[in-house]
Amino acid sequence: MAELQSPAPEVRFAADIMLGRLAKWLRIIGEDVIYGGHLTGYGLIRAARLEKRLILTRDRSLKNKQPPPVLYLRSDHHREQLGQVIRDCGLVVGKRLFTRCIRCNTVLQSRTKESVEKSVPPYVFSTQEKFFWCAACRRIYWPATHHQNMLEEIKELGIE
Ligand SMILES: [Zn+2]
């Protein structure tokens with residue numbers, strides 16, 4: 001990092017429907033971001049206003065609709081978009097990696113190994129020690145090679 005920044009107050013996001021990959025990546029680094037089919041145009045504005053979220057969009061025409069605070073993304077590429085959000089919002093990457101459900105945005109809870117035996121493939125059960133789950137969509141997570149790939153992709157952003 002080039003310069004020291006004081007930690008920004010917690011920002012929560014509402015991602016425009018066109019930003020699915022960015023939304024997924026923000027959840028991977030632990031950020032609170034809502035995303036879905038209804039979140040575009042006025043639907044996006046309404047949801048962001050209701051929950052005091054910062055809108056992420058590439059839609060410049062949104063400003064004609066008097067939105068709450070908006071961050072306009074310059075790039076079409078999710079990696080550059082993620083870099084811009086991290087820089088512009090002063091996000092600290094690393095502390096909350098993999099703490100949120102990628103599918104539904106819920107904060108994950110840890111699970112004992114014994115309790116997931118029937119829910120994960122035998123190979124995973126025998127090779128992994130740490131498990132987490134999403135109480136909302138019941139998906140189970142464990143640190144695996146895809147975590148490593150994701151960490152490498154984050155490093156490539158030059159933000160760690
Ligand atoms: Zn979930």
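The following paragraphs lead through two sheets, one helix and a zinc site in a predicted model.

The parallel sheet is a suitable starting point. Four strands make up this open sheet, in the order β2-β1-β3-β4, and their pairing is parallel. Its edges are formed by β2 (33–34) and β4, each of which pairs on one side only. Going across the sheet from β2, two bridges connect β1 with β2 in the parallel sense, and Ala-14 has Ile-34 of β2 as its bridge partner. Strand β1 (residues 13–15) is in turn joined to β3 by three bridges, again running parallel; here Ala-15 stands opposite Leu-56 in β3. On the other side, three parallel bridges link β3 with strand β4 (residues 70–72), where Leu-56 stands opposite Leu-71. Leu-56 thus appears in both pairings, opposite Ala-15 and opposite Leu-71.

Strand β3 also deserves attention for its side chains. In a regular strand, side chains alternate between the two faces of the sheet. In β3 (residues 54–57), Leu-54 and Leu-56 lie on one side and Ile-55 and Thr-57 on the other, and all of these are buried. Both faces of this strand are therefore covered, given that buried denotes a relative accessible area under 20%.

After β4 in the sequence comes helix α3, which covers residues 78–89. Its twelve residues, at 1.5 Å a residue, should span 16 Å, and the end C-alpha atoms are 16 Å apart, so the expected and computed spans agree. The buried residues of α3 are His-78, Gln-81, Leu-82, Gly-83, Gln-84, Val-85, Ile-86 and Cys-89. For Cys-89 the relative accessible area is 11%, which is why this residue counts as buried. The helix is followed by Gly-90, whose phi is positive, near 60°.

The second sheet is antiparallel. It is open and consists of three strands in the order β5-β6-β7, with β5 (109–111) and β7 (140–141) as the edge strands, each pairing on one side only. Between β5 and strand β6 (residues 131–133) there are three antiparallel bridges, and Gln-109 has Trp-133 of β6 as its bridge partner.

What are the protein donors of the zinc ion? They are the SG atoms of Cys-101, Cys-104, Cys-134 and Cys-137, lying 2.3 Å from the ion. The angles among the four donor atoms are 98 to 124°, and the site is tetrahedral. This assignment follows because four donors count as tetrahedral when all angles lie between 85 and 135 degrees. For comparison, the ideal angle for four tetrahedral donors is 109.5 degrees. In sequence, the donor residues are spaced C-x2-C-x29-C-x2-C. Cys-101 lies in the loop between α3 and β5, whereas Cys-137 lies in the loop between β6 and β7, so this pair ties together parts that are 36 residues apart in sequence.

Are these zinc donors buried or exposed? The accessibility values give separate answers for three of them. Cys-101 has 0% relative accessibility and therefore counts as buried. Cys-134, at 0% relative accessibility, is likewise buried. Cys-137, by contrast, has 26% relative accessibility and so counts as partly exposed.

A last point concerns cysteine pairing. A disulfide is a covalent bond between the sulfur atoms of two cysteines. The structure holds zero disulfides.

Methods
Residues are numbered from 1 along each chain as its sequence is written. This is a predicted model: local features need pLDDT of at least 70, side-chain atom pairs count only at pLDDT 80 or more; totals for chains, interfaces and linings use all residues. Side-chain values use heavy atoms; hydrogens and water are left out. Two strands pair if DSSP finds at least two bridges between them. Buried means under 20% relative accessible area, exposed over 50%, partly exposed in between (1.4 Å probe, protein chains only). The expected span of a helix is 1.5 Å times one less than its number of residues. Donors are N, O and S atoms within 2.8 Å of the metal (3.2 Å for Na, K and Ca); water is not among the atoms, so sites may look incomplete. Four donors count as tetrahedral if all angles lie between 85 and 135 degrees; four count as square planar and six as octahedral if opposite donors are over 155 degrees apart and all others between 65 and 115; anything else is irregular. A disulfide is a pair of cysteine sulfur atoms within 2.5 Å.
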